[in-house]
Amino acid sequence: MKKVFFFLSIVLTCSTSFIYAQQSEIVLVIDAGHGGNDPGHETLINGHSDEKTLNLKIANYFGSYVSKYLTNVRVIYTRTSDKTVSLDDRVEIANTANANYFISIHCNGNSRRSVRGTETHVHSLSIKKSVSLANKIEKQFSQRANRHSRGVKDKEDLTHSLQVLKYTQMTGVLVECGFITNTKEAKYLNSTYGQEIIASAIFRAFRGFIQEQHPTMNFVKPISETTASMDSSRGSFAIQIMSSKTAVDVKSSSFKRLKMDVTRKKLNTTSTYKYIYTVGNYSSISAAKLELSKIQKRGFRDAIIVRQ
Ligand SMILES: [Zn+2]
């Protein structure tokens, strides 16, 4: 019995010192705004999602890029599902994790439907690091994601403080990814394509920022470690729902339950199944995967992702 205990304590001691030796990571808290019984801004458009759902999707994409392409960054989410998390709890999660960075993801709304564009908020324009991160995000939005940037704002602009920025003790920003009350922007924010572009803009800004802040640390994973590189996973993808020997009308009632436009293609093949039917147009495999399960649930169990 004693021997076992002795052995265990050696293992524990070794593993503890191992953890200390490895402490060269930074901690990022990603906060998807609202959730559960707080929808945030509610959509005005049939079939579109409320703010809480869009925030979660963008936050999840952003976090997945960090995990996939960066090393030495630990990501903590304040929520990963549609659940209610109080503002106090979000602050508490970030402060107790001793996080280095806090990024809150939101979408905006306005009673004037013409209002559009992205904004990144900081608690005060005098907090240099937060302002630097916010500037980088807005720059990526306007220069790389082709969004209309409304700039970096602080509590003076808003005429009130944002609780999650006021009480979190680390460098932090709150990103407003666009207005769901503007028809064109709502469409973009509701598309997988738009969500991915917004998330990758935030990702590139964050990557550039931490490289500047921690010049002696290595954050970028070697390409061999990123299982599918951007190039092989990106392109143009669709979901093939079926194939047939003779041409079937794409307006046929059997496609109605998909509620999506179906495209028919004739293949140059010796196979008897000469026609394939696809839906959607996705910029990455991950985006197509999100739709695939929905399509399978609508009765097209053999649906697959194809490159176009
Ligand atoms: Zn919000």
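At what angle do helix α2 and helix α8 pack, and how far apart are their axes? Here are a few notes to help you find your way around this predicted model.

1. To take that opening question: helix α2 (residues 51-69) and helix α8 (residues 192-213) pack at about 50°, and their axes are 8 Å apart. Because angles from 35 to 65 degrees fall between roughly parallel and roughly perpendicular, α2 is oblique to α8. The crossing of these two helices is right-handed.

2. Now have a look at who makes that contact. From α2 come Lys-57, Ile-58, Tyr-61, Phe-62, Tyr-65 and Val-66. From α8 come Gln-195, Glu-196, Ile-198, Ala-199, Ser-200, Ile-202 and Phe-203. Sorted by class, the contact of α2 with α8 has 9 nonpolar residues, along with 2 polar and 2 charged ones.

3. Glu-196 is worth a second glance. Its C-alpha atom and that of Ser-283 are separated by 8.7 Å, although the two residues are 87 apart along the chain. Ser-283 belongs to strand β9 (residues 275-284). Is Ser-283 buried or exposed? Ser-283 has 18 C-beta neighbours inside 10 Å, so it counts as partly exposed; a buried residue would need 20 or more.

4. Helix α7 (residues 183-190) is a good place to go next. Its buried residues are Glu-185, Ala-186, Tyr-188, Leu-189 and Asn-190. Which elements do they pack against? The buried residues of α7 pack against helices α2 and α8, and also against strands β3 and β6.

5. Those two strands bring us to the sheet. Six strands form an open sheet in the order β2-β1-β3-β6-β4-β5, and the pairing is mixed. At the edges are β2 (73-77) and β5 (149-153), each of which pairs on one side only. From one strand to the next, the twist averages 20°.

6. Within the sheet, one pair to trace is β1 (residues 26-32) with β3 (residues 101-108), which run in the parallel sense and share 5 bridges. If you would like a single residue to start from, try Asp-31: its bridge partner in β3 is Ser-104.

7. Finally, helix α4 (residues 128-143) packs on the sheet. The strands it touches are β4 (118-121), β5 and β6 (171-179). The direction of α4 makes about 25° with that of β6. Strand β6 thus offers a handy landmark: α4 touches this strand, and the buried residues of α7 pack against it too.

Note on methods:
Residues numbered from 1 in each chain as written. Predicted model: local features only at pLDDT ≥ 70, side-chain atom pairs only at ≥ 80, totals over all residues. Pairing = 2+ DSSP bridges. Helix = DSSP H or I, 4+ residues; strand = E, 2+ residues; numbered from the N terminus. Axes fitted to C-alpha atoms, helices over the stretch in contact; angles between N-to-C directions. Contact = placed C-beta atoms within 7 Å. Parallel < 35°, antiparallel > 145°, perpendicular 65-115°, else oblique. Left-handed = near helix turned anticlockwise from the far one by under 90°. Nonpolar A, V, L, I, M, F, W, Y, C, P; charged D, E, K, R; others polar. Buried ≥ 20, exposed ≤ 12 C-beta atoms within 10 Å, placed from the backbone.
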